[in-house]
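Below is a short note on the model you sent round. Please read it with the coordinates open.

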Amino acid sequence: MKILIWIGCIFVASVVQVLLGYAGIGGAIPAVLVYGAMFWSAKALCKKYSESQQRKKTQHMMDAARQTEEFSMTQVDEKPQKGNSDEATPLNHQIKFCRKCGFELIEGSEFCSRCGTEIAKE
């Protein structure tokens with residue numbers, strides 16, 4: 001994505017430079033100013049993009065930790081039911097989570113429904 005930001009800013013700077021040339025404001029100083037402004041803009045946009053990606057990654061990790069914590073709390077809070085031992089109870093029914101993103105996996109699936117990571121067969 002960052003490369004697209006840089007390419008877009010270079011393209012915009014080139015277009016602005018051509019338009020300035022048509023307006024009779026061509027030369028080295030306007031060119032340096034236009035390209036300098038576009039490179040500064042590209043750098044700022046890349047920084048914002050990186051911060052956005054880091055926030056998403058942090059939020060994703062917090063969500064995965066919260067899901068794991070909630071799951072472990074339900075295992076501690078729920079007690080096995082007395083009676084027929086063939087019945088599935090929360091303690092003997094294992095819920096799996098993706099090793100990459102921590103998302104709860106759908107039973108029997110081969111890939112994580114959130115990130116697409118292949119699920120290891122046990």
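The points below go from the overall fold to single residues.

1. Overall composition. This is a predicted model. The protein has two helices and zero strands. Of its 122 residues, 16% count as buried. The accessible surface comes to about 9600 Å², and carbon and sulfur atoms hold 62% of that area. Among contacts with a separation of 6 or more, 36% are between residues 24 or more positions apart.

2. The largest nonpolar core. Seven residues make up this core: Ile5, Cys9, Ala13, Val34, Met38, Ala42 and Cys46. Helix 1 and helix 2 (28–77) are the elements that give two or more residues to this core. Helix 2 supplies the largest share, four residues.

3. Alanine 42. This member of the largest core is in contact with Ile5, Trp6 and Cys9, once neighbours within four places in sequence are left aside. Of these partners, Ile5 and Cys9 are also listed in the core.

4. The second core. A separate core of five residues includes Cys98, Leu105, Cys112 and Ile119. Several of the later points return to Cys112 and Ile119, which are among its members.

5. Glutamine 17. Which residues does glutamine 17 touch, not counting those up to four places away in sequence? They are Gly27, Pro30, Ala31 and Val34. Glutamine 17 is placed in helix 1. Its relative accessible area is 17%, so glutamine 17 is classed as buried, the limit being under 20%. Val34, one of its contacts, belongs to the largest nonpolar core.

6. The surface patch. Phe11, Val12, Val15, Val16, Val18, Leu19 and Tyr22 form a nonpolar patch on the surface. Together these residues have about 690 Å² of accessible area. Two of the valines are taken up in the next point.

7. Valine 15 and valine 18. Valine 15 lies in helix 1 (residues 2–22), and valine 18 is also placed in helix 1. Is valine 15 buried, partly exposed or exposed? Valine 15 is partly exposed because its relative accessible area of 34% falls between the 20% and 50% limits. Valine 18, at 46%, counts as partly exposed as well. From valine 18 to alanine 31 the C-alpha to C-alpha distance is 9.6 Å, with their positions 13 residues apart in sequence. Alanine 31 is also one of the residues touched by glutamine 17.

8. Cysteines and disulfides. How many disulfides does the structure hold? The number is zero. For cysteine 101, the closest cysteine sulfur is in cysteine 112, at 3.6 Å. A disulfide needs the two sulfur atoms within 2.5 Å, so this pair is too far apart for a bond. Seen from the other side, the closest cysteine sulfur to that of cysteine 112 is in cysteine 101, again at 3.6 Å. Cysteine 101 is buried at 6% relative accessibility, and cysteine 112 is buried at 5%.

9. Glycine 116. Glycine 116 is found in the segment after helix 2. With 41% relative accessibility, glycine 116 counts as partly exposed. Its C-alpha atom is separated by 9.6 Å from that of cysteine 101, and the two residues are 15 apart along the chain.

10. Threonine 117. The segment after helix 2 also holds threonine 117. Is threonine 117 buried or exposed? At 14% relative accessibility, threonine 117 counts as buried. Leaving aside neighbours within four places in sequence, its contacts are Cys98, Arg99, Lys100, Glu110, Phe111 and Cys112. Cys98 and Cys112 are members of the second core.

11. Isoleucine 119. Where is isoleucine 119 placed? Isoleucine 119 is in the segment after helix 2. Isoleucine 119 is buried, with a relative accessibility of 14%. Neighbours within four places aside, isoleucine 119 is in contact with Arg99, Leu105, Ser109, Glu110, Phe111 and Cys112. Leu105 and Cys112 are listed with isoleucine 119 in the second core. Isoleucine 119 and lysine 100 are 19 residues apart in sequence, and their C-alpha atoms are 9.8 Å apart in space.

Note on methods:
Residues numbered from 1 in each chain as written. Predicted model: local features only at pLDDT ≥ 70, side-chain atom pairs only at ≥ 80, totals over all residues. Heavy atoms only, no water. Patch = residues over 30% accessible without salt bridge, like charges linked within 9 Å, V, L, I, M, F, W, Y side chains within 5 Å. Areas by Shrake-Rupley, 256 points an atom, 1.4 Å probe, with all protein chains shown as cover. Salt bridge = Lys/Arg side-chain N within 4 Å of Asp/Glu carboxyl O. Buried < 20%, exposed > 50% of the residue type's maximum accessible area, 1.4 Å probe, protein only. Core = buried A, V, L, I, M, F, W, Y, C linked by side-chain atoms within 4.5 Å. Contact = heavy atoms within 4.5 Å.
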